[in-house]
Amino acid sequence: MVSLIESPRDSESRLYSFSPETREKLRKFRLSTSRAKDPQAIIYIIDKETQEIRPEDGEVYTKMEDLADELPESSPRYILLSHPLTLKDGRLSVPYVLLYWLPVNCNPSQRMMYASAVELMRNSAEVNRVIEVHEDEDVTSIAEKLAGSA
C-alpha cells in the first residue's frame, strides 16, 4: 500500500491562489523594478471571500512615507518592494524583498491567514527575503535595514 504524504506547500497552495492576471503582474513588477531609480512598492491582500492573493489597489508607491500611511493599523499585508541603494563601496544594489506588515494589534484570525500564506507569496513573487515590519517607522526606515544587510 502506498500512502501519499502531503507537503505543507501542497496544502497552502490549495488554500490560497493567484489569478493568472496577478501572476503576470508579479512577473512584470519583478522585471520592471530592477532598473528603477526610486523605490517601488505594491501592497497585496488576501481576499477573504475568494482566498485569492491580489494587489490591494494596484498603486505603485515610490515614497516609503506614503506607503506607511496606506497600511492599516490592525490588518496584515504583504508589500513587494524593490529599493535601489548605493552601498558604502559605491556599488548600486536593488534588493527585491517582501515586507510582511504585521501590526501588533492585528486580528488573530487575519494574523493566522497571512502567516499561512507568506511562503506561497514569497515563492510566487520570487523574492529571496521576507522582512517582518510592525510599525510605520519600520517601513519608513527600511532603506537602512536593507543597506545594513547588503
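**Exercise 1. Determine how many residues of strand S6 are buried, and which way they point.**

Solution. Start with the terms: helices (H or I, at least four residues) and strands (E, at least two) are DSSP runs, numbered from the N terminus. Buried means under 20% relative accessible area, exposed means over 50%, and partly exposed lies in between (1.4 Å probe, protein chains only).

Step 1. S6 is mostly covered, with six of its six residues buried.

Step 2. Tyr96, Leu98 and Tyr100 point one way from S6. Val97, Leu99 and Trp101 point the other way, and these are buried as well.

Step 3. In a regular strand the side chains alternate between the two faces of the sheet.

The model used here is predicted: local features need pLDDT of at least 70, side-chain atom pairs count only at pLDDT 80 or more, and totals for chains, interfaces and linings use all residues. Residues are numbered from 1 along each chain as its sequence is written, and side-chain values use heavy atoms, with hydrogens and water left out.

**Exercise 2. Place S6 in its sheet and name the residues that stand opposite its own.**

Solution. Two strands pair if DSSP finds at least two bridges between them.

Step 1. The sheet is open and has five strands in the order S2-S1-S3-S6-S7, with mixed pairing. Its edge strands, each pairing on one side only, are S2 (53-55) and S7 (129-133).

Step 2. S3 and S6 are paired in the antiparallel sense over six bridges. Here Leu81 stands opposite Val97 in S6.

Step 3. With S7, strand S6 pairs in the parallel sense over five bridges. Val130 in S7 is the bridge partner of Leu98, and Leu99 stands opposite Ile131 in S7.

Step 4. At the other end of the order, S1 (residues 40-46) and S2 pair in the antiparallel sense over three bridges. Ile45 stands opposite Arg54 in S2.

Step 5. On average, neighbouring strands of this sheet are turned by 30° against each other, direction ignored.

**Exercise 3. State which strands H2 and H4 touch or lie across, and at what angles the helices run.**

Solution. Axes are lines fitted to C-alpha atoms, for helices over the stretch in contact, and angles run from 0 to 180 degrees between N-to-C directions. Contact means heavy atoms within 4.5 Å.

Step 1. H2 packs on the sheet and touches S1, S2, S3 (77-82) and S6 (96-101). The direction of H2 makes about 160° with that of S1.

Step 2. H4 lies across S1, S2, S3, S6 and S7, and runs at about 175° to S6.

Step 3. S6, H4 and S7 make a right-handed β-α-β unit. A crossover is right-handed if, with the strands pointing away from the viewer, the path from the first strand over the helix to the second runs clockwise.

**Exercise 4. Describe how H2 and H4 meet.**

Solution. Step 1. The axes of H2 (residues 20-33) and H4 (residues 108-125) come within 9 Å and cross at roughly 60°. H2 is therefore oblique to H4: angles under 35 degrees count as roughly parallel, over 145 as roughly antiparallel, 65 to 115 as roughly perpendicular and the rest as oblique.

Step 2. Arg23, Leu26 and Arg30 of H2 make the contact with Met121, Ser124 and Ala125 of H4.

Step 3. By class, this contact has three nonpolar, one polar and two charged residues. Ala, Val, Leu, Ile, Met, Phe, Trp, Tyr, Cys and Pro count as nonpolar, Asp, Glu, Lys and Arg as charged, and the others, Gly among them, as polar.

Step 4. Arg27 also lies in H2 and is partly exposed, with a relative accessible area of 37%. The C-alpha atoms of Arg27 and Ser124 are 97 residues apart along the chain and separated by 8.9 Å.

**Exercise 5. Find the loops that hold Gln51 and Glu126, and give the phi of each residue.**

Solution. Step 1. Gln51 is in the loop between S1 and S2. Its phi is positive, about 65°, although Gln51 is not a glycine. Gln51 counts as partly exposed because its relative accessibility is 21%.

Step 2. Glu126 is in the loop between H4 and S7. Glu126 has a positive phi of about 60° and is not a glycine either. At 48% relative accessibility, Glu126 counts as partly exposed.
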